[in-house]
Amino acid sequence: MASPPTASQGDDAHWRRTTSLMGLHLGLWFFFAFVVHMLAPVLNKVAVFGFPLGFYMATQGAPLLFLLQLILFVRQQRRIDREACVAEDEF
Amino acid sequence: MVFRIPVADRDPFASPGRACGLFVAGFAGFVLLLAGLERLGLPESWLGSLLVLGTLAAFVAIGFLARTTRALDYFVAGHRVPALYNGMAGAGSVISVASFVGVTGTLMLLGYDGLAWVLGSTGGFVLLAILIAPPLRKLGAYTVPDVLAFRYGGTPARLVGVVVLLASSFLLLTAQFYGAGLVAARLLGLPFEAAVWIGCAVVVLCTVLGGMRALSATQVAQYVVLIAAYLLPVVLVSLKTTGLPIPELAYGKAIAGIAAREAQMLKDGLATAATLKPYLQPFTHMTPLNFFGLVLCLMTGTAALPHLLMRSFTTPTVRAARSSAAWSLFFVFLFFVLAPAYAAFARLGIYTDVIGKAPGALGSWLFGLGEMGLVSICGRDAVSAQAVADACQGAAGYSGVIRAQDFVIGADAVLTAMPAMAGLPFVVIALVAVGALAAALAAAGGLAFAMAGTLAHDVYCRSVVSDAPAEPRILAARIGLVLVAAAAAAVATMRPADLLTLVAWAFSLAMAGLFPALVLGIWWRRATSLGAILGMVAGFGLALFYILVTRYFPQAGVAHFGMTALADPTTGAPLVDVARAMADAKIAADIPAQATNPLQSKVGWFGLSNLAAGLPGLPLGFLVIWGVSLIGRAPPRDLQASVMESHTPRGHPVLLQRD
């Protein structure tokens with residue numbers, strides 16, 4: 001097991017990248033969870049797969065986007081951890 | 001290896017794929033066998049009982065096989081549950097009987113506005129994975145109050161955490177037993193109270209011997225049962241009505257059918273514009289404030305409810321805690337994307353099979369529900385065609401066929417009504433009920449164990465994780481489990497508020513009480529103990545105040561706290577004439593307010609319904625923690641360093657290093 005870097009420089013970079021990734025994903029989350037649905041009355045005038053778009057976004061669109069977002073987040077955070085040498089050893 | 005654990009003798013997660021596959025195959029075979037027996041003419045009461053007893057026996061057996069006497073296994077499943085199965089167990093906790101029965105019904109009744117539950121139940125996992133789960137795993141705590149005690153310096157923070165945890169979990173646990181009682185009583189023909197106690201006994205038997213390890217294994221099995229039970233009828237109905245076995249795609253046709261039928265009904269005089277709220281139109285049952293308020297409550301509650309958070313303590317690694325939240329979302333997604341399809345097929349079925357039909361042409365499924373008091377037509381329980389015809393004779397403007405405004409169905413009835421309406425075999429209907437039961441048991445197990453764990457660990461032992469003797473702690477947890485389960489079952493037999501209201505309140509309490517303290521504790525080094533304690537008390541207190549006043553003391557809310565009537569979402573008019581109600585001596589003296597009181601849950605601040613009671617408490621909690629922390633002295637340097645370390649996955653759990 002390699003010892004983690006103790007230089008505060010490396011820690012700072014890891015912390016900065018972690019928090020900005022967090023901020024980015026919170027922004028996406030807020031958009032999919034609230035902003036899109038505030039526009040539902042307007043979006044409902046468009047149809048996809050037979051659904052009005054506003055209704056579709058709330059039944060399937062937003063949950064699907066949440067899922068894709070989390071898959072992306074898990075990969076991105078893992079990469080940040082690895083590059084800062086603070087990832088866990090692979091089992 | 002970071003964290004070496006001795007291999008357990010009977011660990012269900014040693015080869016989880018094989019165990020899970022075995023269970024799936026066994027369960028599928030069992031259901032097919034019963035379907036065959038139905039063809040051979042076995043009576044329905046036998047089929048229902050066999051299905052329930054067989055499934056419950058399997059859950060209890062799994063719990064028994066996973067028994068353990070080691071504290072690490074008992075409280076955090078030995079940190080050995082792989083991300084995928086941990087996610088599946090987490091999904092089992094989220095998809096409670098309230099989602100299974102209540103959300104299906106609400107989606108059918110409310111249309112678009114019911115989707116607040118879908119959005120809220122899925123989006124919460126984004127917050128959980130991004131903000132909370134991974135650092136919690138790195139801390140290596142056993143319970144949520146453990147985390148608070150570590151971060152906010154000891155006993156006071158721990159005790160406030162215990163209070164919030166117990167209050168929110170107890171409400172939810174009551175809802176689970178209540179739901180399990182409703183479902184099992186109907187399916188088995190038992191008295192409601194007996195059914196509640198059976199559910200309680202199964203929860204205790206599943207979890208008491210193996211703790212978190214047994215709970216994780218049974219929750220995986222329960223998720224399998226509930227998703228299969230929900231999927232089967234909706235796939236069959238989808239195939240039947242649209243020829244496509246993928247309900248997620250096919251129900252676009254049902255949606256189009258609903259919209260067309262609504263227009264037709266209005267034209268034919270089968271519905272009035274005043275009473276028919278279009279299924280697809282947003283914000284007809286809830287104002288945007290209440291819709292988005294409920295969404296936010298459900299999301300932050302998902303990220304703060306202890307029985308869901310404790311799933312981040314059981315994974316092998318920090319990275320697994322993160323991907324476990326993503327897996328949870330995947331499994332929850334499978335269910336919640338299906339629920340609107342299920343509801344839409346039910347809605348379309350009612351529009352075509354009930355509305356516009358003469359009483360003599362109604363299906364027999366409807367009279368069964370009428371006998372249980374779940375369907376009424378023209379103001380009376382629909383027990384037979386004759387009863388319906390008699391009731392409707394007197395109705396104004398009745399022309400021989402049932403109109404939309406004549407028909408009332410309880411939300412709880414939709415789940416079993418949909419497959420019955422479509423004429424599916426009895427085994428399918430019984431399977432849906434068993435799925436609801438599995439959902440109740442999975443959530444109830446998690447809740448009961450979260451409370452038992454905290455009673456043993458935080459109240460009885462009051463110790464941070466250490467290698468202190470395991471026996472007294474495990475014994476305390478076992479006793480605690482029996483006590484909380486029995487107490488919640490006893491309350492459930494009194495039939496408190498309806499399912500979804502109990503759930504929304506529990507999420508609100510967790511949201512306002514725990515979410516700000518957890519998020520700021522993890523992400524803001526400067527947050528102090530005093531700030532967090534005051535913030536938790538303020539947020540939790542405000543949420544509790546809002547629930548109690550609007551529901552039970554609305555008169556005081558109007559007289560002393562400046563509350564006004566909630567508004568009708570479509571017209572904007574007040575839902576209740578407050579001045580007139582307050583002038584009525586009988587209503588003013590009705591304290592606590594009974595269900596008949598017109599003010600009950602109809603007043604509030606800024607038109608906020610108590611379904612989103614946590615909404616004012618959330619910003620208050622954040623503000624108090626922020627303000628009080630800035631006034632006080634910064635936390636000690638080593639604590640600040642530990643907070644930073646909780647964000648780096650590598651290394652030993654933070655709590656272990658401090659011992």
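In which loop of chain B does Pro592(B) lie? Pro592(B) is found in the loop between helix H24 (585-588) and strand S5 (603-604) of chain B, where helices (H or I, at least four residues) and strands (E, at least two) are DSSP runs numbered from the N terminus.

This is a predicted model, in which local features need pLDDT of at least 70 and side-chain atom pairs count only at pLDDT 80 or more, while totals for chains, interfaces and linings use all residues. Residues are numbered from 1 along each chain as its sequence is written, chains are lettered from A and ligands numbered from 1 in the order in which they are written, and side-chain values use heavy atoms, with hydrogens and water left out.

**Backbone and surface**

Most residues other than glycine have a negative phi, and most peptide bonds are trans. The peptide bond that leads from Ile591(B) into Pro592(B), however, is cis, with omega near -10°. Ile591(B) also belongs to the loop between H24 and S5 of chain B, and with Leu544(B), Leu548(B) and Phe553(B) it forms a nonpolar patch on the surface that has about 320 Å² of accessible area together.

Two residues that are not glycine have a positive phi, His79(B) and Phe606(B). The table sets them out, with burial judged by relative accessible area (buried under 20%, exposed over 50%, partly exposed in between; 1.4 Å probe, protein chains only).

| Residue | Phi | Loop in chain B | Relative accessible area |
|---|---|---|---|
| His79(B) | near 50° | between helix H3 (71-76) and helix H4 (83-94) | 4%, buried |
| Phe606(B) | about 50° | between S5 and helix H25 (617-631) | 80%, exposed |

Ile591(B) counts as exposed because its relative accessible area is 51%.

**The largest pocket**

A pocket is an open set of points on a 1 Å grid over the protein atoms alone, where a 1.4 Å probe fits and protein lies on both sides within 12 Å along at least five of seven lines; lining residues have an atom within 4 Å of a point. The largest pocket holds about 1,400 Å³ of space. Its lining has 47 residues, of which Thr106(B), Leu109(B), Leu110(B), Lys277(B) and His285(B) are the closest to its centre. Among the elements that give two or more residues to this lining are helix H8 (155-188), helix H14 (318-353) and helix H20 (499-523) of chain B, while the largest share, five residues, comes from H5(B). By residue class, the lining divides into 26 nonpolar, 13 polar and eight charged.

Conventions: Grid points are joined across faces, edges and corners, and a volume is the space filled by probe spheres set on the points. Ala, Val, Leu, Ile, Met, Phe, Trp, Tyr, Cys and Pro count as nonpolar, Asp, Glu, Lys and Arg as charged, and the others, Gly among them, as polar. Patches are made of residues with over 30% relative accessible area and no salt bridge: like charges are joined within 9 Å, nonpolar side chains (Val, Leu, Ile, Met, Phe, Trp, Tyr) within 5 Å. Accessible areas come from the Shrake-Rupley method with a 1.4 Å probe; for residues, only the protein chains shown count as cover. A salt bridge is a side-chain nitrogen of Lys or Arg within 4 Å of a carboxyl oxygen of Asp or Glu.
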